[in-house]
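Notebook open, coffee at hand. I'm going through this model from overall chain shape down to single contacts, and jotting down what I look up.

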Amino acid sequence: MSIDIVNGISNAVNYNIGQKWMEGTGEQRMKEQETGEKKIRTLTALLLMGITLLLPVLFLAMDKKEFSENENRYLAKFPIWGLERIKEGEYMEDLESYLADHFPFRDFFMEMKTKAEMWTGKKEINGIYMAKDGYLIEEYEKPENTERIGQILKTFAQELEGQNAELRLMLVPTAVSVYREKLPDYAPVRNQMETARMIYEISGIEPVDCSGDLEAQKEKVELYYRTDHHWTTMGAYAGYQAYCRAAGLEAVALEEMTSRTAAEDFRGTVYSKSGDYGRKGDEIIIYTNPSDKLKVEYADTGEVTDSLYNLEYADMKDKYSLFLDNLHSLIEITNETADSDRELVLIKDSYANSMVPFLVHHYKRIYVFDTRYYKQGVSSFIKEHPGVTDVLLLYNMNTLDSDLGIRGVY
Amino acid sequence: MVFSSIPFLFFFLPLCLILYYTVPGRWKNMVLLLFSLIFYAWGEPVYILLMFFATAVDYCNGRLMEKFGKTQGKRRFFLVCSVAINLSVLAFFKYADFLIATLNGLFSLQLKPLGLGLPVGISFFTFQTMSYSIDLYRRQVPVEKSYLNYLTYVSMFPQLVAGPIVRYSTVNEELQERKIGKEGIEEGLFRFMQGLFKKVLIANQAGALWEEIRALEAGQASVATAWLGAAAFTLQLYFDFSAYSDMAIGMGRMLGFHFPENFNYPLSSVSVTDFWRRWHISLSTWFRDYVYIPLGGNRKGTAKHLRNMLIVWFLTGLWHGAAWNFVLWGLYYGVLLALEKYVWGRALESLPKAVRHLYALLIVVVGFVIFVFDDMEALGVYFRAMAGCAGNSLWGTECLWYLQNYMAVLLPAVLLAFPLYPWVKEKIRTMGSRGRTAAALVSMAGYVLLFLVTVAFLVNDTYNPFLYFRF
């Protein structure tokens, strides 16, 4: 737009609105010869007002999305009326989230903020480090519940005293710990394994420390996704090796399994959080052992399949969910051709989902619990199933502290 | 509702202004009142009754004072009523739990705290209404005959929650009749925008830096980082608070009011005395006019002067929050001001300006560390980290990390804390018309760009605290 046109518009609008604005005084000001400077000032004010009016109008006019692909979450719904909710101020709070979630050009603004911060030298945005080699790495926040989690696990172990099952605890470090060299220079790092050590100690459960395996392999293979908070299948394999050593199993070599690329361009949670939406995605590689004959039963949906993967997720945003079909309170996996009659109870977060494909080879039956959703108490389940020979608790260090599910173990 | 929020910026304010400008003159106060009540009720639906009560009391006292107060003695009765009720309300809602905790501590009692939420802006509106009663008693303002006008004055949303403390005498004429013109709307809009940018792009970011440093485990922060943290909080508080005043003054201007200035580059002070002439001016002048001078000020000898200073600064501290650290913070200034007055003030003036700036800044930064920790133990820990006696090193790489991450905030913050902006404006004013046009174009691009970036930060925002919830 040339400046003449802009001036023309400014004059026209200025005159019209000016008439209304002029109450009482100002007539003489109108008569004043308006300089270019003044016109630009008025135009600036009009532009600012225009933006302020345009955005809410667009907000009202535009269709509301239910789900944000970029952020991978459901957006807030229009709040429900209610006298009590208004009195408590909840209604207004919900209304504010609704406005923020459905704000016009939300993704554009999110990215703009991130870009502005990156240009001005910020290396940590929304809790994500802009790390080297294209990695986005989630920070490790100050743990607040270490003692409490340790105590919960200890109680769980006490509940199971006298059972035959062997109890093990595996706390998996995340990328911020294993790939600390990739973090931006001078980034302060809290020691995850120090927290893990304290939890091992308080709980008294036999630790399975996989950090050594991860450290040993981190140069050779990619152990964590660049854009997601999970470990890759290779990371899970390193964890599996550590577990096999502790449980006296012989790990199946990768060469004996068949691998394939299940998904490309996986842009995970960390990508979403960062707001840096221009990045390339990751690949997800999956392994299957041809000798396993599996039956996978989802207790909550009643669905039965023969695969540990749901590849429908490969075309969706949250591709990591293709492992074990995302979230289920209880999954029962039977392997007719397992190399033992042992039975495993696996209590875990989503990190374990990519490790289960390796574990199934060794157990006739695996019960996979997500205690955020399974509310009947895993300890009583174990007591009712005397066939269970092993119990593994597996959590990653980053979400452990805030994971409320762990309170549901007993 | 926070000014720097999407609902306020894009729904509440435009709607209010459109209606306000559309309705004829005598309805404007009604629109303003209606929106102010919605604004207040947004976060505190129940406490709106408290606002009705407080204003009704002062309005009635005012009318009664005029009707029956033939002598100053009778007038005084109504004044005492008004002040006593206001202070009781303030004491009950703001200080009851503090008092209970203190009594429990002193006499090992088991009194139960009331657990009342603090009504937003209570410290501001009680002080405003008291200013009305006192000024009326002193016959400095005419009585307000319309309750709705009075309620409009007290509840007026631009200044309701965080000041400036607008006295009735400042706006009583504009409440009846005011001029709304293009000039005022533009000026007000720009002032509001400046405040918005300061709040979202500087104060919130400096605050995020402070929160990060504060969260470091003891001993993890080097001395340099601890000082960086204190500086970050100082910047946060100044920019947050002055941004609110900017936004309030700006919106006032758009509505046709002239609110008093509240800050005058306090971080560029050359002494503590200077600082308090520049920081939260509407509060310090309130205490000066309604407490310090009535007590005799400095006219009744050194002993009385010192006593008066102590009282005023004790109260100033306590006004900021119901906790001992605020009292300590007030007294810290009381003592320093007395020392400047009676001990080293003269000597200070003979020092080079740079040294005086440094002296004032040091005191201010240390003061705000007292201000921010209401837990005395945490305060002690932080001071030890700043002094290097927490077993921490003088300097660590983590300091570089914070500097690098927050350079884009810290640098402009430091520049804007000094009167750079008025200097540039003055330079532009004296330029030729060509230069002025160019400057106006640059400023247009600046406003639009900064506004969009601000919206981007708001849309994305997770950290948008409201620092005055205690006041």
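I started with contact range in chain A of this predicted model. Counting contacts between residues at least 6 apart in sequence, I get 73% that join residues at least 24 apart.

Next, overall shape. I looked up the radius of gyration of chain A and found 28 Å, where a compact globule of 410 residues would come out near 22 Å. The box around the C-alpha atoms of chain A, along the principal axes, is roughly 95 × 55 × 40 Å. I also checked burial: 38% of the 410 residues of chain A count as buried.

Then I pulled the domain assignment for chain A. It lists domain 1 as 1-59, domain 2 as 62-104 and domain 3 as 128-408. I took the centres of domain 2 and domain 3 of chain A over C-alpha atoms, and they sit 33 Å apart.

Secondary structure next: chain A has 15 helices and 15 strands. I picked one sheet to trace. It is open, with 3 strands in the order β3-β4-β5 of chain A and antiparallel pairing. The edges are β3 (124-125) and β5 (136-138) of chain A, each pairing on one side only. Between β3(A) and β4(A) (residues 128-130) I noted 2 bridges, again antiparallel. Which residue of β4(A) stands opposite Ile125(A)? I found Ile128(A) there.

On to the core. The largest nonpolar core holds 224 residues. Met170(A), Val345(A), Leu346(A), Ile366(A) and Ala206(B) have the most contacts inside it. The top contributor to this core is helix α10 (residues 223-255) of chain B, with 20 residues.

I zoomed in on Leu346(A). Leaving out residues up to four places away in sequence, Leu346(A) touches Ala352(A), Ile366(A), Tyr367(A), Val368(A), Phe369(A), Leu392(A) and Leu394(A). So much for the core; one more stop.

Last, the contact between the chains. I see 50 residues from chain A and 47 from chain B taking part. On the chain B side, the elements that give two or more residues are α1 (6-22), α2 (25-43), α9 (182-214), α17 (397-417) and α19 (433-459). Which of the elements gives the largest share there? That is α19(B), with 15 residues. I split the chain B side by residue type as well: 30 nonpolar, 11 polar and 6 charged.

Key: Residues numbered from 1 in each chain as written. Chains lettered and ligands numbered in written order. Predicted model: local features only at pLDDT ≥ 70, side-chain atom pairs only at ≥ 80, totals over all residues. Pairing = 2+ DSSP bridges. Helix = DSSP H or I, 4+ residues; strand = E, 2+ residues; numbered from the N terminus. Domains from an automatic or database assignment. Contact = placed C-beta atoms within 7 Å. Nonpolar A, V, L, I, M, F, W, Y, C, P; charged D, E, K, R; others polar. Core = buried A, V, L, I, M, F, W, Y, C linked by C-beta atoms within 7 Å. Buried ≥ 20, exposed ≤ 12 C-beta atoms within 10 Å, placed from the backbone. Rg over C-alpha atoms; globule rule 2.2 N^0.38 Å.
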